[in-house]
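Trainee: May we go through this model together, with the reasons behind each term?
Mentor: Certainly; please look at the structure before we begin.
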Amino acid sequence: MARKFFVGGNFKMNGTKESIKSIIENLNKASLDPNVEVVIAPPALYLQLARDTVDKASGVEVAAQNVYHKPNGAYTGEISVAQLKDSDIHWTILGHSERRTLLGETDELVASKTKAAVEGGVSVIWCCGESLEEREAGNTVAVVERQLAALAAKLSAADWKKIVIAYEPIWAIGTGKVATVQQAQEVHEAIRKWLRTQFGDAVADETRILYGGSVNGKNCKDLAKEKDIDGFLVGGASLKPEFVDIINSNQ
Ligand SMILES: O=C(COP(=O)(O)O)NO
């Protein structure tokens with residue numbers, strides 16, 4: 001079956017009301033490939049603004065960049081799955097390497113958050129990827145499989161329908177050093193093989209696997225041609241007009 005191409009924009013901790021409104025208004029006016037699923041993730045403070053600014057006809061969805069795994073209560077600073085749903089937000093990014101490295105989010109915590117989101121009806125862009133040291137030591141696939149295993153331990157086969165995987169080598173994020181087409185395809189192929197072994201053909205063939213890490217308007221087309229690259233999770237370039245080119249890169 002053909003997997004619908006998917007492009008996420010991770011705004012990270014960037015933007016103001018004005019700049020985010022302007023980015024979304026440009027997206028509303030742009031001619032976007034109708035065969036691409038587009039999700040943008042502004043900072044939590046601007047989720048409602050983004051939700052209210054997106055032209056519903058564009059089909060663009062709004063995502064949080066994180067969510068907590070407990071239903072509600074004394075978790076200062078956190079946002080719950082139910083609160084995202086209450087705000088008409090149906091997606092979240094989880095397990096981004098910046099949260100794993102800077103905030104100490106473990107494979108286990110990310111897995112618990114992902115299970116809670118899926119159970120609460122929020123779809124997840126689940127992030128994985130290795131450090132430069134891990135790649136140079138030849139441990140890339142082992143690291144990604146370790147992250148996947150922690151997630152898989154909590155998921156049923158049906159849960160994968162609400163999950164998109166984003167492979168984001170840490171050494172390519174924000175560095176301008178995009179993975180080569182071969183490097184990216186190799187890891188995507190290994191992830192799909194692992195899914196097939198653990199969950200069977202349907203999950204392996206239907207789960208989108210995105211690449212993230214210095215994707216831009218120039219390198220996106222070659223990456224998009226690869227059979228196991230089903231789209232992108234874009235950081236810096238999602239804040240720029242070239243984000244439209246990345247969305248349309250599979251045409
Ligand atoms: O972290 C990233 C990628 O960021 P860049 O595109 O800026 O490398 N996506 O979640």
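Mentor: Helices and strands are DSSP runs, numbered from the N terminus. The model is a predicted one. In it, K12 lies in the loop between β1 (5-10) and α1 (17-29).

Trainee: Why is K12 called buried?
Mentor: Buried means under 20% relative accessible area. K12 has 18% relative accessibility, and therefore counts as buried.

Trainee: What makes the phi of K12 worth a remark?
Mentor: Most residues other than glycine have a negative phi. K12 is not a glycine, yet its phi is positive, about 55°.

Trainee: Where is S214 found, and why does S214 count as buried?
Mentor: S214 is in the loop between β7 (209-211) and α10 (220-224). Its relative accessibility is 18%, and the cut-off for buried is under 20%, so S214 counts as buried. The phi of S214, a residue other than glycine, is positive as well, near 60°.

Trainee: Which residues surround the ligand?
Mentor: Among them are N10, K12, H96, E168, S214 and G236. By class, the shell has 3 nonpolar, 7 polar and 2 charged residues.

Trainee: What makes the pair between N10 and the ligand a polar contact?
Mentor: The cut-off for a pair of N or O atoms is 3.5 Å. A polar side-chain atom of N10 lies 3.0 Å from an oxygen atom of the ligand, so the pair meets that definition. For G174, a backbone N or O atom is 2.7 Å from a ligand oxygen atom. The protein covers 94% of the 300 Å² of accessible area that the ligand has on its own.

Terms used
Residues numbered from 1 in each chain as written. Predicted model: local features only at pLDDT ≥ 70, side-chain atom pairs only at ≥ 80, totals over all residues. Heavy atoms only, no water. Near = heavy atom within 4 Å. Polar contact = N/O pair within 3.5 Å; in protein donor to acceptor, adjacent residues only side chain to side chain. Areas by Shrake-Rupley, 256 points an atom, 1.4 Å probe, with all protein chains shown as cover. Nonpolar A, V, L, I, M, F, W, Y, C, P; charged D, E, K, R; others polar. Helix = DSSP H or I, 4+ residues; strand = E, 2+ residues; numbered from the N terminus. Buried < 20%, exposed > 50% of the residue type's maximum accessible area, 1.4 Å probe, protein only.
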